[in-house]
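Colleague: I would like to go through the terms used for this model and see what each one rests on. Please show the structure before we start.

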Amino acid sequence: MEGKTVLKEQYHAWVQAEKTLLWNIYNRLVKIGVLPEETTHVREAIDRLEDLFLLVVVGEFNSGKSAFINTLLEQKILEEGPTPTTDLINILKYGEESRSRVVDNLRLTHFPLELLKNVNIVDTPGTNSIIREHDELTMNFIPQSDFVVFVISVDRPLTDSEREFLELISHKWKRKILFLLNKIDTKEPEDIDVILTYLHTEGQKILGIDPIVFPVSVKQAFQAKQTKNEDLLQQSRFDEVERYLIQALNEKERIRLKLLNPIYTVQPVCQTAQNSLHEKLTVIAEDMRRLRQVEKQLAYTQEDLKEHSTRFILKVENILLDLRNRAYDFVDDFLQLRNIWDITSKDKAELQFNTLVVKDSSQQIEDVLTEAADWMVKKSMKAWDDTLNYYNQQLNHDLYRDKILGEVGGQFGYDRDKIYKSVIHQARDRIKTFDYQQESRKILKTFQNAMIHFAAAEVGAIGIGAVLVSIFSTLLLDITGVLASGALVTAGFFILPRKRRQAKEAFNTSIQELIADLKQHIAHEFDEYMQATFEQIKETTSPVDRFCRAEHDELNTALTELTTFSQQLATLQREITHALTASNENL
Ligand SMILES: Nc1nc2c(ncn2[C@@H]2O[C@H](COP(=O)(O)OP(=O)(O)O)[C@@H](O)[C@H]2O)c(=O)[nH]1
Ligand SMILES: [Mg+2]
């Protein structure tokens with residue numbers, strides 16, 4: 001007696017603890033965006049926690065489910081028939097007077113029967129009916145059950161649909177099952193033995209444990225009860241079933257199952273949600289890794305391009321060094337006494353310098369710079385192209401992946417898809433509006449500006465040729481000054497060689513300055529342009545980065561919480577199991 005009170009108190013404490021936990025889980029699942037089909041199970045589990053014990057009768061249509069319940073209650077409460085007539089889940093509850101009402105797919109029937117004070121009995125439309133909805137109706141009701149009676153007819157033991165259904169009941173929802181092999185009156189005892197053996201072996205394969213099977217004739221039992229025919233009742237073997245049910249579903253066991261079943265219902269839902277969170281986190285981790293890869297690739301490309309750009313600078317340098325060498329030869333040849341008249345004529349000297357030294361270097365440099373500008377535009381385009389291809393590939397990969405893994409996750413999948421598509425869209429737009437020639441001309445212009453800047457500082461002339469001529473003219477002025485001062489012969493012998501040397505040195509200095517200046521400018525322009533390109537690309541992909549970070553944090557929090565709740569649920573499950581196992585008599 002005292003034990004019972006303790007059990008009651010403990011029971012209420014467990015119910016409260018379980019309820020709190022299930023609500024926490026429910027709220028978390030809703031927040032994650034778990035599908036309503038799944039969260040409904042959790043809600044029902046909470047709602048059912050304090051309801052009466054629910055014995056659910058399932059099996060294929062026409063196996064004798066309704067007849068079994070009628071026999072148990074010794075009244076034809078439910079309609080029986082050879083056609084799949086029951087399109088409703090029938091819940092039988094205790095009530096002072098009998099009444100019945102239908103809500104959605106449920107028919108609630110109250111009946112003044114003692115048995116129903118402890119247990120509610122549920123008749124289902126059965127499985128493998130012609131009407132597919134009946135199957136689903138029954139399957140979806142299983143999570144609400146506390147104990148399952150599985151009725152099998154002797155004329156078709158264990159069909160494929162029965163096997164499938166059994167796996168769901170025992171593996172997914174972990175419900176206790178009792179098998180009734182019904183209609184034994186229609187077969188010879190030897191045949192029944194064969195079928196029983198078959199059921200035990202096959203049942204063992206499906207459930208992993210030897211199933212409890214009772215062979216009965218529900219029909220005979222009902223008759224026997226009505227006519228109080230003991231022999232027939234004996235023959236029907238129905239009392240064995242009743243005895244088992246009374247013993248197996250004693251109060252303690254009912255409490256145990258009542259407490260454990262909601263946990264069993266919520267666990268697979270939780271597990272699925274946890275798997276999905278894991279799955280999403282893996283996707284995010286992959287996204288992040290790939291994003292870093294893209295960034296690394298961009299940085300590497302930038303570095304690589306910078307290195308390659310030096311070859312254009314080298315080409316310009318070579319053109320100018322060649323020119324300097326020609327200038328040396330020219331100085332040696334031209335600054336001779338015999339050329340005195342040409343030297344003193346500024347125009348003639350410049351013309352000769354232009355023809356022999358400068359030649360087409362201006363054009364040559366322009367060509368190299370045009371080539372450099374083209375190359376840069378091409379590389380910039382390629383960087384955009386690579387980014388576009390990368391995200392395109394990623395998206396295709398995802399489509400393929402989604403097919404294999406199924407729905408990666410509603411809103412999450414949608415948001416991610418949108419961001420990827422927007423990156424692709426922007427990259428594609430950039431590429432589409434890319435005016436190759438205009439871009440190239442723009443770069444060339446900046447190179448030219450760099451040179452104008454240099455030239456302007458010198459003489460205000462435009463173009464490299466003019467710069468060089470102006471350098472030469474300055475040197476010439478110095479020499480002609482000396483020559484004009486008279487003493488031609490002396491000058492020829494003593495001054496000219498020195499002047500030639502000085503001219504070469506001065507010219508070399510100027511050229512080197514020009515080279516250094518051009519180098520600096522080209523490199524600078526190059527860097528600026530590439531920097532701008534890469535910044536733009538990074539800008540385009542930055543939403544992916546933001547999405548990944550935000551999602552990662554959110555998913556991680558959700559997973560941590562859900563894992564904690566699951567562990568708490570498992571702890572509670574262990575505690576209840578340990579306290580209420582049949583051998584434990586402390587309570
Ligand atoms: N021969 C025989 N017929 C039975 C037995 N139990 C039920 N039936 C009949 O099988 C048919 C289907 O029974 P019912 O309870 O409506 O099956 P349900 O579709 O599973 O609910 C009815 O005609 C019953 O009379 C039995 O033990 N032996
Ligand atoms: Mg029926």
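**Terms and what they rest on**

Modeller: This is a predicted model. It has an open sheet of eight strands with mixed pairing, in the order β3-β4-β2-β5-β1-β6-β7-β8.

Colleague: Why do β3 and β8 stand at the edges?

Modeller: β3 (99–103) and β8 (212–215) each have a single partner strand, so one side of each is left without a neighbour in the sheet. As for twist, neighbouring strands of this sheet are turned by 20° against each other on average, direction ignored.

Colleague: How do you know that β6 and β7 are joined?

Modeller: Two strands pair if DSSP finds at least two bridges between them. Six bridges join β6 (residues 147–153) to β7 (residues 177–182), so the pair meets that definition. The two strands run parallel, and Val-148 has Ile-177 of β7 as its bridge partner.

Colleague: What packs on the sheet at β6, β7 and β8?

Modeller: Helix α6 (residues 189–207) touches those three strands, and its direction makes about 155° with that of β7.

Colleague: What makes Val-218 and Phe-222 of helix α7 count as buried?

Modeller: Buried means under 20% relative accessible area. Val-218 and Phe-222 are listed as buried, as are Gln-220, Ala-221, Ala-224 and Lys-225 of α7 (residues 218–227), so each of them falls under that cut-off. The buried residues of α7 pack against α3 (65–73), β7, α8 (230–236) and α9 (238–248). After α7 comes Lys-228, with a positive phi near 55°.

Colleague: Which residues have the most contacts inside the largest nonpolar core?

Modeller: Phe-353, Phe-447, Leu-468 and Phe-507 do, in a core of 106 residues. Helix α10 (residues 251–334) gives the largest share of this core, 29 residues. Beyond its neighbours within four places in sequence, Phe-353 is in contact with Ala-327, Phe-330, Val-358, Leu-468, Val-469, Phe-472 and Phe-507. Another core lies apart from the largest one and has 34 residues, including Leu-78, Leu-116, Val-216 and Leu-245.

Colleague: Which residues come nearest to ligand 1?

Modeller: Of the 17 residues around ligand 1, these are Asn-62, Lys-65, Ser-66, Ala-67 and Asp-185.

Colleague: Why are the approaches of Asn-62, Lys-65 and Ala-67 to ligand 1 called polar contacts?

Modeller: The cut-off is a pair of N or O atoms within 3.5 Å. A polar backbone atom of Asn-62 is 2.6 Å from an oxygen atom of ligand 1. For a backbone N or O atom of Lys-65 the distance to a ligand oxygen is 2.9 Å, and for a polar backbone atom of Ala-67 it is 2.8 Å. Each distance is within 3.5 Å, so the term applies.

Note on methods:
Residues are numbered from 1 along each chain as its sequence is written. Chains are lettered from A and ligands numbered from 1 in the order in which they are written. This is a predicted model: local features need pLDDT of at least 70, side-chain atom pairs count only at pLDDT 80 or more; totals for chains, interfaces and linings use all residues. Side-chain values use heavy atoms; hydrogens and water are left out. Helices (H or I, at least four residues) and strands (E, at least two) are DSSP runs, numbered from the N terminus. Axes are lines fitted to C-alpha atoms, for helices over the stretch in contact, and angles run from 0 to 180 degrees between N-to-C directions. Contact means heavy atoms within 4.5 Å. A nonpolar core is a set of buried Ala, Val, Leu, Ile, Met, Phe, Trp, Tyr and Cys residues joined through side-chain atoms within 4.5 Å. Buried means under 20% relative accessible area, exposed over 50%, partly exposed in between (1.4 Å probe, protein chains only). A residue is near a molecule or strand if one of its heavy atoms lies within 4 Å of it. A polar contact is a pair of N or O atoms within 3.5 Å; within protein, one must be able to donate a hydrogen and the other to accept it, and residues adjacent in sequence count only if both atoms are side-chain atoms.
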